[in-house]
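Q: I have a structure open and would like to go through a few of its residues. Can you help me read it?

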Amino acid sequence: DGRKLVFLAKEQVDESVEDLRDKGFDQQIYEEDWQPTRVWIAAIDPDATTPSPDAEARMLELAGSASDVQWSPNGQDLMVVLAPTPSVDDSYMQKRVHVVDSESGRVIRSLNNPGKLGQVRWSPDGKRIVYSVNLFKDEWDIWVMDAQGKNRQPLVSTRAVELAPDWSPDGKAIIFQSTRAGNNDIWIIPS
């Protein structure tokens, strides 16, 4: 309805840490100083021309580091892609899709996606999810599953790289990038 905005950001750094950094203490300890990326929701006035200075964002208490978030078509739930930590290894190998209630921040269900996870998108009716996945070295494919995380099946599986899937507005087709013809081209297939 345009009254809430969801976004990804890191938490504000503690003032004591900022004070130390200002004094020259700028060491970085491998994997200790990393901050996870969080999911935030802010109420907005869709009729306002400038943001309200009193508006505050609410952070959802989700375990892990987020790399993608989007509203479900019903406007109530969020699809959040989380890795256990912000490490590069986890961001490549351990990202999982979670459906989250936007009001409570509670994980409604976790979808068990295989392999390395790429882009993820809801269908316009909210009943299916399309995503890119890497199950084999240098081969990214396009898969679909129902919104409950069941009935996973490959939609496009070639030796090429297929990425960035998305739905047509009516949900009858899926558009994606593919290198199958030797270039990085746009392809459209029935869903």
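A: Yes. Keep in mind that this is a predicted model. We can begin with Phe-7, which is partly exposed because its relative accessible area is 28%.

Q: OK, and how many aromatic pairs are there?
A: The count comes to 1 aromatic pair. Phe-7 and Trp-40 form a stacked pair, because their ring centres are 6.5 Å apart and their planes are at 10°.

Q: Where in the chain are those two?
A: They link distant parts of the chain, 33 residues apart. Phe-7 is in strand E1 (residues 4-10), and Trp-40 is in strand E2.

Q: Is Trp-40 buried or exposed?
A: Trp-40 is buried, with a relative accessible area of 17%. The cut-off for buried is under 20%.

Q: What else is in strand E2?
A: Thr-37 is one of its residues, and the strand covers residues 37-43. Thr-37 has 17% relative accessibility, so Thr-37 counts as buried.

Q: Which residues is Thr-37 in contact with?
A: Leaving aside neighbours within four places in sequence, Thr-37 is in contact with Leu-8, Ala-9 and Lys-10, and also with Gly-64, Ser-65 and Ala-66.

Q: New topic. What sits over the ring of Trp-187?
A: The charged end of Arg-180 does, 4.1 Å from the ring centre.

Q: And the surface: which residues form a nonpolar patch there?
A: Val-88, Tyr-92 and Met-93 do, and together they have about 320 Å² of accessible area. Tyr-92 belongs to helix H2, residues 88-93.

Q: Why does Tyr-92 count as exposed?
A: Tyr-92 counts as exposed because its relative accessibility is 51%, and the cut-off for exposed is over 50%.

Q: Let's turn to backbone angles. What is phi of Asn-151?
A: Phi of Asn-151 is near 55°, a positive value in a residue other than glycine. Most residues other than glycine have a negative phi.

Q: Where is Asn-151?
A: Asn-151 is in the loop between strand E10 (139-146) and strand E11 (153-156). With a relative accessible area of 59%, Asn-151 is exposed.

Q: What about phi of Ala-164?
A: Phi of Ala-164 is near 55° and so positive, in a residue other than glycine. Ala-164 lies in strand E12, residues 162-167.

Q: Where does Ala-164 stand on accessibility?
A: Ala-164 counts as partly exposed, at 29% relative accessibility.

Terms used
Residues are numbered from 1 along each chain as its sequence is written. This is a predicted model: local features need pLDDT of at least 70, side-chain atom pairs count only at pLDDT 80 or more; totals for chains, interfaces and linings use all residues. Side-chain values use heavy atoms; hydrogens and water are left out. Helices (H or I, at least four residues) and strands (E, at least two) are DSSP runs, numbered from the N terminus. Buried means under 20% relative accessible area, exposed over 50%, partly exposed in between (1.4 Å probe, protein chains only). Patches are made of residues with over 30% relative accessible area and no salt bridge: like charges are joined within 9 Å, nonpolar side chains (Val, Leu, Ile, Met, Phe, Trp, Tyr) within 5 Å. Accessible areas come from the Shrake-Rupley method with a 1.4 Å probe; for residues, only the protein chains shown count as cover. A salt bridge is a side-chain nitrogen of Lys or Arg within 4 Å of a carboxyl oxygen of Asp or Glu. Contact means heavy atoms within 4.5 Å. Rings of Phe, Tyr and Trp (its six-membered ring) pair if their centres lie within 6.5 Å; planes under 30 degrees apart count as stacked, over 60 as edge-to-face and the rest as tilted. A charge sits over a ring if NZ of Lys or CZ of Arg is within 6 Å of the ring centre and within 35 degrees of the ring normal.
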